[in-house]
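Trainee: Could we go through this chain together, question by question, with the reasoning behind each answer spelled out?

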Amino acid sequence: MAPPRPEAPDADAAASAVGSPRVLKKYPNRRLYDTYTSSYITLADVKKMVLAAQPFVVRDAKSSEDLTRSILLQIILEEETGGVPMFSAPMLAQIIRFYGGAMQGMMGSYLEKNLQTFTDIQARLAEQSKGLLEPATINPELWTQFLNGQAPAVQGVMSNYMEQSRQMFQQMQEQMAKQAETLFPGVPGFTQPKR
């Protein structure tokens, strides 16, 4: 059966052109169609869009259901099965245990905030090391100064990261205590922790 013939650039393509997220349509034959370029693309192309921080949304061609998360999960699965995986089996098992439990929403928020903090740290370190990789500026004294300055800077950044992580965990505990207090009013042991 031949793949469906996509329409000419439409309202989705026009929206992409003016700064809205790029619209990708997923057809029943599992192919992805980029309305901005009016062409079929692969998961590898979508991965390039993610790496370039290009905003996009994936929609089912028939129902317009948002499929962005499932496409991103497909990319993660491909990355995990090929090359060096980021997640260990025990870590994945632990994540699965959070699904369906009271902690699911809070854990997602906790992981998202920690990942954002880690990304911010990475960006700061990259900014600090800017110019060190240019051949005209490389010299042993500059590297020595940079590395000597990095120890306290990295220690400070990691200290901030740990403090933010501790605060997020404490907020998560407080939210759990509030939920438990609501569900079990007057039951001893279900009181909000003191700061």
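Mentor: Let us begin with a term needed for the hairpin: two strands count as paired if DSSP finds at least two bridges between them. Please keep in mind that the model is a predicted one.

Trainee: In which order do the elements of the chain run from the N terminus on?

Mentor: The chain holds six helices and four strands. Read from the N terminus, these elements follow one another as α-β-β-β-α-β-α-α-α-α.

Trainee: Which residue in the turn of the hairpin formed by β1 and β2 has a positive phi?

Mentor: Strand β1 pairs with strand β2, residues 32-34, in the antiparallel sense, over three bridges, and one of the partnerships sets Lys 26 against Leu 32 in β2. The two strands form a hairpin with five residues between them, and the turn residue with a positive phi, of about 75°, is Arg 30.

Trainee: In the loop between β1 and β2, where Asn 29 lies, how far is the backbone nitrogen of Arg 31 from a polar atom of the side chain of Asn 29?

Mentor: Asn 29 has a relative accessible area of 33%, and because the partly exposed class runs between 20% and 50%, this residue is partly exposed. A pair of N or O atoms has to lie within 3.5 Å to count as a polar contact. From a polar atom of the Asn 29 side chain to the backbone nitrogen of Arg 31, the distance is 3.0 Å.

Trainee: Which residue in β4 is the bridge partner of Leu 24?

Mentor: Strand β1 and strand β4, which spans residues 56-60, run parallel and are joined by five bridges. Within this pairing, the bridge partner of Leu 24 is Val 58.

Trainee: How many residues of strand β1 are buried?

Mentor: On one side of β1, Arg 22, Leu 24 and Lys 26 are buried, and on the other side Val 23 and Lys 25 are buried too, so that both faces are covered under the cut-off of 20% relative accessible area. For the chain of 195 residues, buried residues make up 22%. In strand β1, residues 22-26, the buried residues number five of five.

Trainee: Is Ala 53, which has a positive phi although it is not a glycine, buried or exposed?

Mentor: Ala 53 is found in the loop between α2 and β4, and its phi is about 60°. Its relative accessible area is 64%, and because the exposed class begins over 50%, Ala 53 is exposed.

Trainee: What is the relative accessible area of Ser 64?

Mentor: Ser 64 lies in the loop between β4 and α3, and its phi, near 65°, is a positive value in a residue other than glycine. This residue is partly exposed, with a relative accessible area of 44%.

Trainee: Which element gives the most to the lining of the largest pocket?

Mentor: The largest pocket holds about 1800 Å³ of space. It is lined by 37 residues, of which the closest to its centre are Leu 73, Ile 76, Met 86, Phe 87 and Leu 115. The elements giving two or more residues to this lining are α2 (43-51), α3 (68-81), α4 (89-98) and α5 (104-128). With eleven residues, the element that gives the most is α5.

Note on methods: Residues numbered from 1 in each chain as written. Predicted model: local features only at pLDDT ≥ 70, side-chain atom pairs only at ≥ 80, totals over all residues. Heavy atoms only, no water. Buried < 20%, exposed > 50% of the residue type's maximum accessible area, 1.4 Å probe, protein only. Polar contact = N/O pair within 3.5 Å; in protein donor to acceptor, adjacent residues only side chain to side chain. 1 Å grid on protein atoms, 1.4 Å probe; cavity = no way out; pocket = protein on both sides within 12 Å on 5 of 7 lines; lining within 4 Å. Points joined across faces, edges and corners; volume = space filled by probe spheres on them.
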